[in-house]
Every structure is written in structure tokens, then in C-alpha cells.
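Open the model in your viewer and switch to a cartoon view. Keep the sequence panel visible, since each stop on this tour begins with a selection.

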Amino acid sequence: MKKPELLAPSGNVKTLKAAVEAGADAVYLGAGKFSARAFAGNFDGSELSYAIEYAANADVKVYLAVNTLMTDRELKDALTIVGEAYHAGAAAFIVQDLGLAAEIKKQYPDAILHASTQMTAQTLKDVNLLGSLGFKRVVMARELSRDEIRNIAANTSVELEIFVHGALCSSYSGQCLMSSFIGGRSANRGKCAQPCRLPYKSGKKSGVLLSLKDLCLIDYIDEMADMGVASLKIEGRMKGEDYVRAVVGAYRAVLDGKNLTEKQKAKMLGVFDRGGYTDGYYTGNRAGMYMENLKNPYGKGRKRAD
């Protein structure tokens, strides 16, 4: 059984260092443009080169997220960023836009492409189609069950990356236009205003009715390894270094065969807490996935991430 890669978020230099020190095998980060987390610190120019070199010195891979949709006019700028990262030694590029993916393969034939979760790959046909288009890995939709993941993994040669921890979106794989309609800020352009975290009313009910609990699949790591999942992904490029260090450290320990104490697990879950965690999509036990009544849906000690 091959041990899955542990993939950590890096929104800035501090969280990059926290991820590396806590035991990540790889990190994913964005540049100043074309990242699905436009409000993270992100990495530009010399910072991007520094991040890739710093990680490489620790034998940690860097995946650059250029995973927004873009216009034809923006392709040139996007390819400039890709080129800088490619020559600096980025290990792969996480892409949503098929036009950009085609141009990357044209200009850099040996560049490794990962299909973003926002491509909404949810079936074996989806995965194999993306493989035929040059993608080595597919970041699967967060909404898949363990049986669906197991079936896909058993019938494809394309690597599968699974989100195991962090925020869930109330729309399918982040394909949401609500932020655009309400405030003119597109989630597909990296600028989601998180309207699903706001309070709403439905009949006599009121509260954060659209807000999902965060995901935690730390209890199923061995099971996913048995399936042949290539990479376990932690969400959180908008979160701080304490979160990255605690969560990556906990998953690293379990991957290395160590048993977490209840105190260690509580620390991991408490470092960022909206109001409980869920494994509902993975296990099929979807009762209680929504928070409904919570004073701060943005997380303990935090305000809206904009």
C-alpha cells in the first residue's frame, strides 16, 4: 500500500513555512492573479521563486493554483505567471480553464497538470476524459461518497486527489453564482464574498441556514490509502499559520502510523471551529451537516474573510 501524499495550503510565507515544518509532502499556493483565493496573501515575482526554492530545499513539492476561469485577453498574463513558476521549479499547475490547460501543454509539454476541483469531476468518465486531455491528476468533487471514490480509483490510471479537511461550499464543488449576483464578486474569479455564511430566514426558521460545517476525514486515512488515493488535500489558504501547523501536523502523525490522543485531536479541531465538523458526504451520513444556528460562521475568533 502506497502512502498518500499530504498536501497543505499556503496563503503566504508564514503558512508555507508552517506547512513544511509540520510535515507536508507538497503545498499548493497562488500567485497574485488567477487564483481561486484572490484574498489570500499569495506569492508574486521573487516571493514565488523563494517559495518554490524554500520548499524544494525541504524536499516538498509546490503546486501553483492558476485555477480561475479567464478571458482570452488574460491568457498571456496567466502564461507569464505559469512560465515563471515552471522555470523556478513548480512541480505542477492546478487549472480549471481548459483553454489555459491547452496553452500550458503547448508551451511547456512536460508541465504536469492537475484538474481543479472546480472542474466538478464526479464520475469515472469525467476523470478519464481529463486524463485524455493531459491531466495527470484530478482533484475530485468534495461531494463524493467513499464508494464513488473507491470505484473511480479502481478503474483509472489518473491520480486522484481528495479534500480531507476544511471548508465545504453549499454549492456543488464551488460552482456558485450567488456571490456574483448579490455583490458582483465571482467565486469563479477567486473573489467569493461567502454569502452562504450569512443569516437567512425560511418560514419560522432563521440562522445561517446555508452554511455547512467544515470537513474532517482524519479517521478514514487508512481507508483512502487502501483505495489508492494519491493525495490528501487540506483546505485553508485563507487561514492562519496556527491552523496550518496544527492540522498538517495531525494528519502527518496519522499518516505515519501514530495514534492521536483525544487532546491532540481536540487541538486540531479547535484551532479553527465554525461549530463542529462533518464527514457527511464521504460516509453518506448527511444529518446535521448544516450549522443553522451559529453566532460566527466564519470561524472562532475570525470575521468575514474579505
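The tour below goes from strands and helices to single residues and then to empty spaces. Keep in mind throughout that this is a predicted model.

**Stop 1: strand β1**

Select residues 5-9, which form β1. Is this strand covered or open? It is mostly covered, as 5 of its 5 residues are buried. Show the side chains to see the two directions in which they point. Glu 5, Leu 7 and Pro 9 point one way, while Leu 6 and Ala 8 point the other way. Residues on both sides are buried.

Now add residues 231-234, which are strand β11. β1 and β11 pair in the parallel sense, over 3 bridges. Within this pairing, Leu 7 stands opposite Lys 233.

Next add β2, residues 26-30. β2 also pairs with β1 in the parallel sense, again over 3 bridges. What is the bridge partner of Leu 7 in β2? The partner is Ala 26. Follow the chain from β1 to β2 and you pass through α1, in a β-α-β crossover that is right-handed.

**Stop 2: helix α1**

Select residues 13-22 to see helix α1. Begin at the start of the helix, where a side-chain oxygen of Asn 12 reaches to within 3.1 Å of the backbone nitrogen of Lys 14. Then colour the buried residues of α1: Thr 15, Leu 16, Ala 18, Ala 19, Val 20 and Ala 22.

What do these buried residues pack against? Their neighbours are β1 and β2, together with α2 (46-57) and α9 (241-255). After the helix comes Gly 23, which has a positive phi, near 110°.

**Stop 3: Leu 64**

Select Leu 64, which sits in strand β3. Is Leu 64 buried or exposed? It has 1% relative accessibility, so it counts as buried; the cut-off for buried is under 20%.

Show its surroundings. Leaving out residues up to four places away in sequence, Leu 64 touches Leu 29, Gly 30, Ala 31, Leu 48, Ile 81, Ala 85, Ala 92, Phe 93 and Ile 94. For a distance to check in the viewer, take the C-alpha atoms of Leu 64 and Ala 91: they are 8.0 Å apart, although the residues lie 27 places apart along the chain.

**Stop 4: strand β6 and its partners**

Select residues 135-139, which are strand β6. Why is β6 described as largely enclosed by the rest of the structure? The reason is that 4 of its 5 residues are buried.

Add residues 113-115, strand β5. β5 and β6 pair in the parallel sense over 3 bridges, with His 114 opposite Arg 137. Including helix α5, residues 124-132, completes a right-handed β-α-β unit of β5, α5 and β6.

Then add strand β7, residues 159-166. β6 and β7 run parallel and are joined by 3 bridges. Here Arg 137 stands opposite Glu 159.

**Stop 5: the second largest pocket**

Keep Arg 137 and Glu 159 on screen. The second largest pocket holds about 470 Å³ of space. Of its 23 lining residues, the closest to the centre are Lys 2, Glu 5, Arg 137, Glu 159 and Ala 230. Elements giving two or more residues to this lining are β3 (61-66), β6, β7 and α8 (221-227).

**Stop 6: the cavity**

How many cavities of 30 Å³ or more does a search of the whole structure find? It finds 1. The largest cavity contains about 80 Å³ of space. To locate it, select its lining: Met 140, Ala 141, Arg 142, Leu 144, Ile 149, Ile 162, Phe 163, Leu 215, Leu 217, Tyr 281 and Tyr 282. β7 and α11 (280-283) are the elements that give two or more residues to this lining.

**Stop 7: Leu 260**

Finish at Leu 260, in the loop between α9 and α10 (262-270). Leu 260 has a relative accessible area of 23%, so it is partly exposed. Not counting residues up to four places away in sequence, Leu 260 touches Ile 218, Ala 250, Ala 253, Val 254 and Lys 265. One of these, Ala 250, is 10 residues from Leu 260 in sequence, and their C-alpha atoms are 7.3 Å apart.

Technical notes:
Residues numbered from 1 in each chain as written. Predicted model: local features only at pLDDT ≥ 70, side-chain atom pairs only at ≥ 80, totals over all residues. Heavy atoms only, no water. Buried < 20%, exposed > 50% of the residue type's maximum accessible area, 1.4 Å probe, protein only. Pairing = 2+ DSSP bridges. Right-handed = clockwise from strand over helix to strand, strands pointing away. Contact = heavy atoms within 4.5 Å. Polar contact = N/O pair within 3.5 Å; in protein donor to acceptor, adjacent residues only side chain to side chain. 1 Å grid on protein atoms, 1.4 Å probe; cavity = no way out; pocket = protein on both sides within 12 Å on 5 of 7 lines; lining within 4 Å. Points joined across faces, edges and corners; volume = space filled by probe spheres on them.
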